[in-house]
Structure formats: C-alpha cells, structure tokens
Amino acid sequence: MDLGLTNKRVLVTGGNSGLGAAIAKAFAAEDARVAINYLVNPRQADIFVEEVTVAGGEALQLRADISDPEAVEAMFKAIDDAWGGIDILVNNAGIDGERALGWEADTDAWSKVVDVNLKGTYLCAREALRRMVAQRSGVVLNTTSVHQVIAWAGYSAYTASKAGVSMMSKSLAQEAAPHGVRVLCIAPGAIRTPINRAVWRDAEGYRDLLTKIPLRRIGEPEDVANIAIMLASDAASYVTATTIFVDGGMTDYPSFAHGG
Ligand code: BGC
C-alpha cells in the first residue's frame, strides 16, 4: 500500500533511539524527508542521517532539549530553513524517571518527567501547529502510553504526564480540525526498547510482564512504527482526537480473563 508519504517533511523527537528510531526509519523507508531530534547519543543520530543519505534520501539531525522553548523554536526554524516547513510531527521523546512512591519522590525529578513528557510535547506541538494551521494541512502524532489509562505505582509523574498529553491532544485536535490538521495519540504498551530493558532482560520480570499482555509477547518497535506511519498518512485522514493503543491487549484487563 502506498501511504503517499514521499517527500513529506517529518520530525520525530527522540528519533535516535527506541521507538523514535524505528518510527524515523519507517518514514524514511516511505521516502519521506525525516528530521530526528535528539538530546544525548549523537552517534546514533549521525548513523541515521548517514544511512538515509547513502540510500538517496534526505535526513536531518537536530539536537534540542524539547522542554526548552527557545531550543524548540530554533529546531523548527532549522527545519524551515532546510525544507520550508513541516507536514508531520511525531512527538516521541519521553522519559519515565526513577521509580518513587509519590510521598517519597524528589520534587525536581518529578517535575522533570512532566517537563519533558508534557511540556516538551506541547512546545513541539505548538511550533508544528503554527505552521500546519497556516498551510491548512498536517498531522501531530503524540506518543503516550497504556499508562494514560493504567495506573502504575511508583510512576505518578509518568502516568500524570501521559494522561495529560492525551487530554491536551484532544483539545488541540478540536482547535486544529477546522484548519484541516489532525492531532492524535499512539499509546504503546510494553515494547522492547531501552526504556524497559531492565524488565525484559530479567527472567522473572519478563514472565510477570507476559501475564499482563493477552497476546503473550512483548511488542517490537516495528509494531508501533507500522501504525505510526499509517496514522500520519492520508490512509487515516478521518482519524483525529483519539488514541490508538498498540499494546497486545494490555488495556483489556487480562487479570479478568478468569474469575471476577
Ligand atoms: C513504559 C514501559 C512499560 C510499558 C508497559 C511504557 O509506557 O515506558 O517501561 O514497560 O509502559 O507497562
């Protein structure tokens, strides 16, 4: 299926690792022009740009802390300078923070999670929407998590930030829809990436994780990337203001398969 993404101008935040890297690759494979934002691990960003360029495509790497408004403005300016604007923003960058019970959490550590995940997503969405509304086309795809609806002890900042992004996205979608712009969320479950390596590398942690997934396997980054490119394409032109869960059924309360 041709998704019609050829030459589309795409920005994937946190595009040098985990889900972001898989999503950036998937867009590049569709011949889109792909800018990846990163903060650490510049080597991974170099490699992505090299690979795309060698394959005859166009790619950019942009270092910016997405929780810093000025850095975000400069990043979008750099995309304007290179490509004259943006068609698709994938807000992927995020952190889960150190596990800490709410009454024990450090204020700065708690705020940092919200700053990156919620404020950072907003700042990038704002810059993208300024351009998309003016050109009357575009898609903002925000990465949330099953934890926008599933509580997670020890991660009150993370869950709050993801639930926040989901509701913010609905409001932004309402604002942008009359201008031909879509805003929606993709909510991954447990996907094999560095963010949860400690769990899937540990035999007991892995066994426990599988009990939470009706499809009885951990997701691969490509499971999310395949849906991300589809949602960003015109194949999904009637989809906005909602969340698509890519979670192997994690949000289906698997513990209720028996008893109750
Ligand atoms: C977290 C992962 C976790 C998954 C399922 C994601 O949002 O980043 O660490 O494995 O949710 O609990």
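Modeller: A residue is near a molecule if one of its heavy atoms lies within 4 Å of it. The model discussed here is predicted.

Biologist: Which residues surround the ligand?

Modeller: The ligand is enclosed by Ser145, His147, Trp152, Tyr158, Gly189, Ala190, Ile195, Asn196 and Met250. By class, this shell comprises five nonpolar and four polar residues, with no charged ones.

Biologist: Which distances describe the polar side chains beside an oxygen atom of the ligand?

Modeller: A polar contact is a pair of N or O atoms within 3.5 Å. A polar side-chain atom of Ser145 is placed 2.7 Å from a ligand oxygen atom. For His147, a side-chain N or O atom is likewise 2.7 Å from an oxygen atom of the ligand, and for Asn196 the corresponding distance is 3.3 Å. The ligand taken alone exposes 310 Å², of which the protein buries 89%.

Biologist: Is Thr159 buried or exposed?

Modeller: Buried means under 20% relative accessible area. Thr159 counts as buried because its relative accessibility is 15%. Thr159 belongs to helix H5, which spans residues 156-176. Leaving aside residues up to four places away in sequence, Thr159 touches His147, Ile150 and Trp152.

Biologist: How many disulfides are there?

Modeller: A disulfide is a covalent bond between the sulfur atoms of two cysteines. To be counted, the two sulfur atoms must lie within 2.5 Å; the count here is zero. Cys124 is in no disulfide, as the nearest cysteine sulfur, that of Cys185, is 14 Å away. Cys185 is likewise in no disulfide, its nearest cysteine sulfur being that of Cys124.

Biologist: What is the relative accessibility of Cys124 and of Cys185?

Modeller: Cys124 has 0% relative accessibility and therefore counts as buried. Cys185, at 1%, also counts as buried.

Terms used:
Residues numbered from 1 in each chain as written. Predicted model: local features only at pLDDT ≥ 70, side-chain atom pairs only at ≥ 80, totals over all residues. Heavy atoms only, no water. Polar contact = N/O pair within 3.5 Å; in protein donor to acceptor, adjacent residues only side chain to side chain. Areas by Shrake-Rupley, 256 points an atom, 1.4 Å probe, with all protein chains shown as cover. Nonpolar A, V, L, I, M, F, W, Y, C, P; charged D, E, K, R; others polar. Helix = DSSP H or I, 4+ residues; strand = E, 2+ residues; numbered from the N terminus. Buried < 20%, exposed > 50% of the residue type's maximum accessible area, 1.4 Å probe, protein only. Contact = heavy atoms within 4.5 Å.
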